[in-house]
Structures are given as structure tokens and as C-alpha cells.
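Explain how this structure is put together, taking its charged pairs, its strands and its nonpolar cores in turn.

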Amino acid sequence: AEAARAMSEQLTLVSRAEALATENPSAALLLAVEAYRREPSNASQGALLATLRAWDGVVRRTELPEVERTRCDDSDWDADGYDWPTDGGLAVYAHGDDVFTVDPMTGEASLHAQRPDPCARVLVSHADGPLLAQTATGISMVPVGGGPDDVIPLIETTAAVSLASSSPPDPVVGVVTNPGVDTGELHLFDAEGRPIASPVPTELGFRDLWWGSSGTVVLGTGATPARRAPGRVELIDVASGAIRWGAPTDSLPLEATFSPSERSVAVTTATGEVLVLATEDGSAQVLQPANGAAEGLAFVDDDRLAVATSSGVEVWNVDADKLEDEFAVASAGNVHALDDDQLVVYSQGYDTATVLDVASASGIATARLPTRQGERPTLYSTVDRVGLVGANGAAVVDLATGARVDHSRSLPADEIIVSLIPAGTIDEFW
């Protein structure tokens, strides 16, 4: 009876701390600290983190350029407006013939290139990479700073396509035709728009491309997650277009990431399975996360892989097939590796970012980020900044000062709430 009473009190402390986090942060923090003092468990650590996230930090605000969304009569996308951000976290918007990028730290807009048609759909994968454009008749490429006279046609097609490009200085452009069906092709083009080898068939339905830095790309194919049908990943040599190897997956591949030396590539699937594949021959090792299905992956170094689950982050020694460390982070989703053994963990709702130090097995800081429900923004992580860039704006936290630069044209200033709490380790805080 005594044990049951203590357990009931502990559950009450945790639940009340989390419930009061926004309404009364001070009371919530006291309850969370008492819960941790009584029992230093994952639940009480999660309550501490939840209450710390409710404390305000230093906020600074800069407006994004205002762009009125307009729609072309003969297409199902916006002619003018914000498009998918770059991999480096720059916001991208199109207005008439011009396509701009916006620095999320300064709000400064720069003309990237001119699109071939004011109704063309555009993609800028990298700040110094080409502009890819889709019109009603096909796909074309425009180099940085280029205009109508610099357009390079790639494919004539009226079908659906998926576009991607690798990093400069020698970007490779990938165009996948019929991405939503079982029969399509991957076309690779060099920086001059010349085809590379023959098209690669995609026979299971295209999912995504994940580029390596040493001339390879991982192609993921499979059925939609709801069908739970087997999928496949293939490592393709960019120079020749040849498939080096292919490996089956238990379901649709959702994410792939290369190790720093690219000796391995880790893949997670729709069922939460984690595969670590040798890039040399495709030999596979299956990791079994200890706390549920995998939500995100990041290599800390060649030997250690961080796996995000709904309960937190697990750090695995891949060679030893051993779980080395665990971090309690509520609803962990996407995870990014920084320098110096640090990780940034984004929640599944993209409303918080937590910085972890793997070497000392401690949490460093937590930032709250404004995200619209259902939005899937591009995540922005460097050694001194974390944040996100969405279709309507960007929020970036400077880890050195705790200042958050928020670029959002849709939220008034008094609704932008928070920033950074340098919490240190849980033990140091207590």
C-alpha cells in the first residue's frame, strides 16, 4: 500500500508539472524538481525538460519579405509565394520571373536566378546550386545568377516528377519520373545539364534520394507506409549511373544518412527498423532500438549512431552492436549531429529543439520554436545555431547568446514566445 501511494504521488507530480508548464511555469518547475528528487526516472526528467521549455528567453524579430500568393490558371501550384527552403536553411520565394533566397539570421533577400516561366514551380536545394524549374511541358535548370538566356532543358514531360540536386561545386541533378507509381526512372544530369549514363529504373515506387559527398547517391523505393509492403535501397554510382548494390527493407525507406567517412549508410523504415549497410558491398546489420520505433538517425562519428525514438535518443556503437547511452527527450523526432559530440533533437511536432552533449551524457539547452500544426519545415542545425525554416517563415536560435531571430510574416510580435534555456545537466540543475 505504501509503494502504491508513493507511485500515485509521483505520477501526480509529473502530470501536474507538465499540465502547469505554460499556465504557471514557476509552480510547474517546483513540482518537476520534487518529482526528480524522489525518483530520477525518464518520466521525471521529461517533466523537467517540459517545464524548462516554458521559460522565456531573449527574442528578436525580423520580417520576411511580403509575397502575395497567386495561382496560375493552368497549374495546381502557386505562381508567387514561398517554396521549399534550401538544405542550408535559407528561405526561398518566387515573385514573377525572379526567385530569391533569404538569410534566416538577417532577413536579407538575394536574387538567386530567374525562372523560365512565371508559372514555373521551382526548387533551390543549395544556396550556390542551380535553380530547378518545372513547367507544364518539362524540367529545366538555371545556374546561379542566370536568366532566360541561360535556361538548360533537361526533360520534356507532362507527367509528375520529383527533383533533387547534390551539393556544389559539381552538383548532380536527379529527376525521377512518375514518383508515385511502381514504374518510373531516375535521370541524372551533370552541372552542364548533360545526361549521366542511362536512366535508372525505379520499380517499387520512388521515395527519396540521399546524396553522398563522394560520388554516390542512395535511392529509396517502396509502397506507401500504410501498405507495409517491402521496400528497397540501392547505392548508385553517380559518374556511371550504375547500381553498386541493392538491399531489401521490411517496408518503405523513410530516411538514410551516411557516416562521416561514408563507409556506412544507416536507413530507417516505415516500421521503425534500423539498417546499417556497408557502402562497399551492401552487407546489412539490423539494430533494434530499445525504446520503440526509430523516428530519426544521425551518425555521431563512424562508430556511433544516434537513433531518435518517441522516448528519447539512443546512441549505439555500430561495430559492437551495443547501446552505449540514452537521453530522455519527450517525443523525439528528427536528430542532427553537430561538431564536438553534440546532437540537436527536434520534437515530432517541430516545436522544440534540444541540444545534447554525447561526451558528457548531458543536456545543454532547449529551445521552443513556433510551428504551425501539420507543417514539416526544413531543420537548420550548425555548431552555433539551431532552428527551422517553413513555408511562412523561419526561427533560428543562436546558441552562444540565446537570442532567437524569428522571421515570420504570419504571427504578430506578441505571439512569438520563447527562446533558449541553458539548463546544463539535470544533476547540476538540481
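In which helix do Glu34 and Arg37 both lie, and how many residues apart are they? The model is a predicted one, and in it both residues belong to helix H2, which covers residues 25–38. They are three residues apart, about one turn of the helix. Their side chains meet in a salt bridge, with an N to O distance of 2.6 Å. Arg37 has a relative accessible area of 46%, so it counts as partly exposed.

Glu34 also meets a second partner, since its side chain forms a salt bridge with that of Arg38 at 2.9 Å, N to O. Here the two residues are four places apart in helix H2, again about one turn. Arg38 is partly exposed, at 43% relative accessible area. Salt bridges with shared partners link Glu34, Arg37 and Arg38 with Glu2, Arg5 and Glu9 in one network.

Within that network, Glu2 and Arg5 form a salt bridge of 2.3 Å, N to O. The two lie three residues apart in helix H1 (residues 2–19), so about one helical turn separates them. Glu2 is exposed, because its relative accessibility of 53% is over 50%. Arg5, at 41%, counts as partly exposed. Side chains of opposite charge can pair when their charged atoms come close. The model has 12 salt bridges by the rule applied here.

The next topic is the strands. Four of them make an open sheet in the order S23-S24-S25-S26, with antiparallel pairing. Strand S23 (296–299) and strand S26 (322–328) are its edges, each pairing on one side only. From one strand to the next the twist averages 20 degrees. Strands S24 (residues 304–309) and S25 (residues 312–317) run antiparallel and are joined by six bridges. One residue pair to look for is Ala306 with its bridge partner in S25, Val315.

The sheet leads on to the nonpolar cores. The largest has 14 residues, and those with the most contacts inside it are Val313, Val335, Leu343, Val345 and Leu356. Two or more of its residues come from each of S24, S25, strand S27 (332–337) and strand S28 (342–347). Leaving aside residues up to four places away in sequence, Val345 touches a set that includes Val313, Val335 and Leu356, and also Asn334 and Thr352. Another core, of 13 residues, lies apart from the largest one and includes Ala164, Val172, Ile196 and Val200. In soluble globular proteins, nonpolar side chains tend to be buried together.

Key:
Residues are numbered from 1 along each chain as its sequence is written. This is a predicted model: local features need pLDDT of at least 70, side-chain atom pairs count only at pLDDT 80 or more; totals for chains, interfaces and linings use all residues. Side-chain values use heavy atoms; hydrogens and water are left out. Two strands pair if DSSP finds at least two bridges between them. Axes are lines fitted to C-alpha atoms, for helices over the stretch in contact, and angles run from 0 to 180 degrees between N-to-C directions. A nonpolar core is a set of buried Ala, Val, Leu, Ile, Met, Phe, Trp, Tyr and Cys residues joined through side-chain atoms within 4.5 Å. Buried means under 20% relative accessible area, exposed over 50%, partly exposed in between (1.4 Å probe, protein chains only). Contact means heavy atoms within 4.5 Å. A salt bridge is a side-chain nitrogen of Lys or Arg within 4 Å of a carboxyl oxygen of Asp or Glu.
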